[in-house]
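Reader: Hey, I'm new to this one. Can you walk me through what's in it?

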Amino acid sequence: MKVTRKIIKINEALCDGCGQCITGCAEAALEIVNNKAVLVAEKYCDGLGACIGECPTGALTLVERPADEFDEQAVEELLRQKKSEKTTVPLKMASPGGGCPSAKLQSFKPASPCETANRPVFSPQLSGVGGSALTHWPVQIRLIPPTAPFLKNADLLVAADCVPVAYPGFHADFLVNRAVMIGCPKFDDPDGYAAKFTEVLKTADLKSINLVIMEVPCCGGMRNIIREAMKRAEVVVPVTETVIGARGGIISKEVWNDGDKG
């Protein structure tokens, strides 16, 4: 039955297929098809517009028009179906960022001695390392599934996303031989981060965590997130915490392994 109500409208010309809107839609009413966001069915959209704030291009708006009524039972069935699909689809087929190409899992093989010798050389005063030490993609916390193969038995680097900009030796001093997950506890969802790290701790059997944050107070939220994840997962991993100053120097470094760092 059609009723006049608010419903999401997608400007296809503005949509770049990043898939961020999908994370903001609790009803799973949106999908990425041919690198564009589409409304799966009118009955799945509640018209509240929670997805709008996730769209970086302004492609989503709310309009009032005749549409199928919102069907909460249909949404619950859709979510059950989606959950079932996630447990059966192989990891290599999963797309944690919707249709966004940047979310495609990639592991980079170690460079051979010849390749290492022929890497572009950065200024030693700035980095102290030639080439990149990155071993996988993606790197954003929100895009990495807990079952990503590069997390298994890894020494994990968790970094606030301002750190690589502030600290000139990031690759040489922190990234070498580590998997990395970066993000911002201020602008992203802290509880979502805690849930993600809880699953990582349960499934990845991490060897250690290197936590690198900025001196600003909001960055301390990342410390709290790791602590909360350890409590939820009932898993304790040794953590080395390094705090970087706004001018790029190391302010402090300490080790905590009881999950109760405050």
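**Cysteines first**

Author: Sure, and keep in mind that this is a predicted model. The sulfur of C184 has its closest cysteine sulfur in C218, 6.1 Å away, which is too far for a bond.

Reader: OK, and is C184 buried or exposed?

Author: C184 counts as buried, at 13% relative accessibility.

Reader: What about C55, which cysteine sulfur is closest to that one?

Author: That would be the sulfur in C18, at 6.2 Å from the sulfur of C55, again too far for a bond. C55 is buried too, with a relative accessible area of 18%.

Reader: So how many disulfides does the structure hold?

Author: Zero. A disulfide is a covalent bond between the sulfur atoms of two cysteines.

Reader: Got it. Switching to sheets: what order do the strands come in for the five-stranded one?

Author: The order is 8-7-9-10-11, in an open sheet with mixed pairing. Strand 8 and strand 11 are the edges, each pairing on one side only. From one strand to the next, the twist averages 15 degrees.

Reader: Mixed how? What do strand 10 and strand 11 do?

Author: Those two run antiparallel, and six bridges join them. Within that pair, E241 stands opposite E254 in strand 11.

Reader: And which strands does helix 7 touch?

Author: Helix 7 packs on the sheet and touches strands 7, 8, 9, 10 and 11. The direction of helix 7 makes about 155 degrees with that of strand 9.

Reader: Which strands does helix 6 lie across?

Author: Helix 6 lies across strand 7, strand 8 and strand 9. Relative to strand 8, helix 6 runs at about 165 degrees.

Reader: Back to helix 7. How many residues does it have, and how far does it reach?

Author: Helix 7 covers residues 220-233, so to speak: 14 residues, reaching 20 Å from the first C-alpha to the last. That is close to the 20 Å expected at 1.5 Å a residue.

Reader: Which of its residues are buried?

Author: In helix 7, the buried ones are G220, G221, M222, R223, I225, I226, A229, M230 and A233. An α-helix has 3.6 residues a turn, so residues three or four places apart point the same way.

Reader: What do those buried residues pack against?

Author: Besides strands 7 (155-160), 8 (179-183), 9 (208-214), 10 (239-244) and 11 (250-256), the buried residues of helix 7 pack against helix 6 (190-204).

Reader: Where does the chain go after that, what's E234 up to?

Author: E234 sits just after helix 7 and takes a positive phi of about 55 degrees.

Reader: Now D188. Where does that lie?

Author: D188 is in the loop between strand 8 and helix 6. With a relative accessible area of 19%, D188 is buried, because the cut-off for that is under 20%.

Reader: What does D188 touch?

Author: Not counting residues up to four places away in sequence, D188 touches R142 and Y193. With Y193 there is a side chain to side chain polar contact, at 2.4 Å.

Reader: Last one: where's A74?

Author: A74 is in helix 2, which spans residues 72-88. A74 is buried, at a relative accessible area of 14%.

Reader: And which residues is A74 in contact with, leaving aside its neighbours in sequence?

Author: Beyond four places in sequence, A74 is in contact with K43 and Y44. A74 and Y44 are 30 residues apart along the chain, with their C-alpha atoms separated by 7.0 Å.

Notes
Residues are numbered from 1 along each chain as its sequence is written. This is a predicted model: local features need pLDDT of at least 70, side-chain atom pairs count only at pLDDT 80 or more; totals for chains, interfaces and linings use all residues. Side-chain values use heavy atoms; hydrogens and water are left out. Helices (H or I, at least four residues) and strands (E, at least two) are DSSP runs, numbered from the N terminus. The expected span of a helix is 1.5 Å times one less than its number of residues. Buried means under 20% relative accessible area, exposed over 50%, partly exposed in between (1.4 Å probe, protein chains only). Contact means heavy atoms within 4.5 Å. A polar contact is a pair of N or O atoms within 3.5 Å; within protein, one must be able to donate a hydrogen and the other to accept it, and residues adjacent in sequence count only if both atoms are side-chain atoms. Two strands pair if DSSP finds at least two bridges between them. Axes are lines fitted to C-alpha atoms, for helices over the stretch in contact, and angles run from 0 to 180 degrees between N-to-C directions. A disulfide is a pair of cysteine sulfur atoms within 2.5 Å.
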